[in-house]
Amino acid sequence: MIMQRKRTAMIAVALAAVGTACGNSVGAPEFPTGFWQVDDYGSVLAVAADALETYQVTALSCMKDETATRSGNPGRYVTEGKDVLTVRPGDHPDRALLHIDGSPGDRTLRRLAGLPTTCGTEPAAFDVFWQTFQENYPFFAAKDIDWQQVRDRFRDRADLAEQRGDDAELFATLRDMVAPLNDAHVVVSAGDSGFFGTGRPGTTIPGPQLDQQVKEFVQRRDLQHSLTEFANGRIGYADIPGRDYGYLRVSSFSGYTADRTFAADSAELDRALDAIFTADRLGRLRGLVLDLRVNGGGSDSLGLQLAARLTDRPYFAYAKKTRGTEPQPQRVEPARIGFAGPIAILTGGSTVSAGETFTQAMLERPSRTTRIGEPTQGVFSDVMERKLPGARHADWWFGVPNEEFLTSNGRTFDGTGIPPELTEPVFTDEEFAQQRDSAFDRAMQWLTSGA
């Protein structure tokens, strides 16, 4: 689908998203109806005044995807899944911009004369799968993977599975092709035939059981009382007993409301932060422990919204790019009410996706900030959800990340994750067994030392 979703490999939860829309160019060009290629996102749009149709494309294939209907102002469309897409004119009649709510930045559109000639064809499932990664996945070199060699190795096996109608073997083939990537944003979902997703070796993908275990442990061991919870339990806050310091836990950047739209989640995040950062608390708060050690991701825009509450000065957050597009810088602009004092950010291998882009957005925070714990998971991109051709595969899909998030000096943390500045174990069996929380204790030491 045209909407890219942040997913951990083991949690198939769709995350709708939005950000700041780009303004019209001077002279208010004509509304961009017609056919449009989305640069570097494997998609074509058929844009009309009342509807927008999306197509998934590669050099070999073109498959109809979703239809979004107009909602409100011209150029604004909403899918059945409540994804909000906004199309705006560019600076040339053959250029336009696409914004997806919850995903910072815009995507460049190039006008086409019509749909690709591959629409209506049905290549082999293996070819569409391989070609989609070939055209979009940016990390083969960094992970020392020869994708052409992968094609040569697995092509005959996949062809035989398709000829026999052996869906279990076809799924196993696709799984084995991408397993060496060790990428939590690479997913293969094959209906009843299986589901594949994995994290970086040595890490744990967050889920409800781990989240609950950790929350109860922190409340008992670190806080000696319960958190005040907001946003469907995804945000929790407590004053640290006997000290003028606070503890803020964020386990997700999505799912804050039953509505599950970016607009509703954004409003709920503001409500939670208003309740936490009251005038009285801001007047006495000397430092904050910000716990992201179990964070399953969500909307990058919500991460920037939180970052805006944690600074009193604007600063560079990160720049987004794909293999063929220029980096789009994103900035943190201070909100009207927030905290600009010292912050100790706790991270680990279960800090995933939007939890990581938020952490990256805090790297150049002007106020005193440090990171404590272990490296994050190492997956930052939105995830393109792709279909396979053929009625037999109607309920199959696979996920392909295609974006890089750059620091101000051009560095990325994909694969390795963002390292801590102060290394401590994070929720190991030994830590649980001995009732230790070394990262939390180090955070309190760092905050109170004034170093």
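What follows is a short dialogue on reading helix packing, strand pairing and domains in this predicted model.

Me: Let's start with helices. How do I describe two that pack, and what are the values for α7 and α8?

Reply: Two packed helices are described by the angle between their axes and the distance between those axes. Here, α7 covers residues 300-308 and α8 covers residues 354-361; the angle is about 35° and the axes are 9 Å apart.

Me: And is the crossing of α7 and α8 left-handed or right-handed?

Reply: Right-handed: that's how α7 passes α8. On the α7 side, the contact is made by Asp300, Gly303, Leu304, Leu306 and Ala307, and on the α8 side by Ala354, Thr357, Phe358 and Ala361.

Me: How do the residues of that contact divide by character?

Reply: You get 6 nonpolar, 2 polar and 1 charged.

Me: On to strands. How do they pair in general, and which strands does β21 pair with?

Reply: Strands of a sheet pair through backbone hydrogen bonds, and the pairing is either parallel or antiparallel. For β21, one partner is β10 (residues 187-190), running antiparallel to β21 and joined by 4 bridges. Look there for valine 187, which stands opposite glycine 399 of β21. Another partner is β20 (residues 383-386), again antiparallel and again with 4 bridges. In that pairing, arginine 386 has phenylalanine 398 of β21 as its bridge partner.

Me: Is β21 mostly covered or not, and which way do its residues point?

Reply: Mostly covered: of the 6 residues in β21 (396-401), 6 are buried. Trp396, Phe398 and Val400 point one way, while Trp397, Gly399 and Pro401 point the other way. Both sets are buried.

Me: What about the sheet with 7 strands: what's the order, and where are its edges?

Reply: Read the order as β12-β13-β14-β15-β18-β19-β23; the sheet is open and the pairing is mixed. The edge strands, β12 (228-230) and β23 (422-423), each pair on one side only.

Me: So how does β23 pair with β19, in the parallel or antiparallel sense?

Reply: Parallel, over 2 bridges, with β19 spanning residues 369-373. Isoleucine 372 is a good place to look, with leucine 422 in β23 as its bridge partner.

Me: Zooming out, how is the chain divided into domains?

Reply: Domain 1 is 34-112, domain 2 is 125-197, and domain 3 is written as two stretches, 208-376 + 421-450. If you want a distance to go with that, the C-alpha centres of domain 2 and domain 3 lie 35 Å apart.

Methods:
Residues numbered from 1 in each chain as written. Predicted model: local features only at pLDDT ≥ 70, side-chain atom pairs only at ≥ 80, totals over all residues. Heavy atoms only, no water. Axes fitted to C-alpha atoms, helices over the stretch in contact; angles between N-to-C directions. Left-handed = near helix turned anticlockwise from the far one by under 90°. Contact = heavy atoms within 4.5 Å. Nonpolar A, V, L, I, M, F, W, Y, C, P; charged D, E, K, R; others polar. Buried < 20%, exposed > 50% of the residue type's maximum accessible area, 1.4 Å probe, protein only. Pairing = 2+ DSSP bridges. Domains from an automatic or database assignment.
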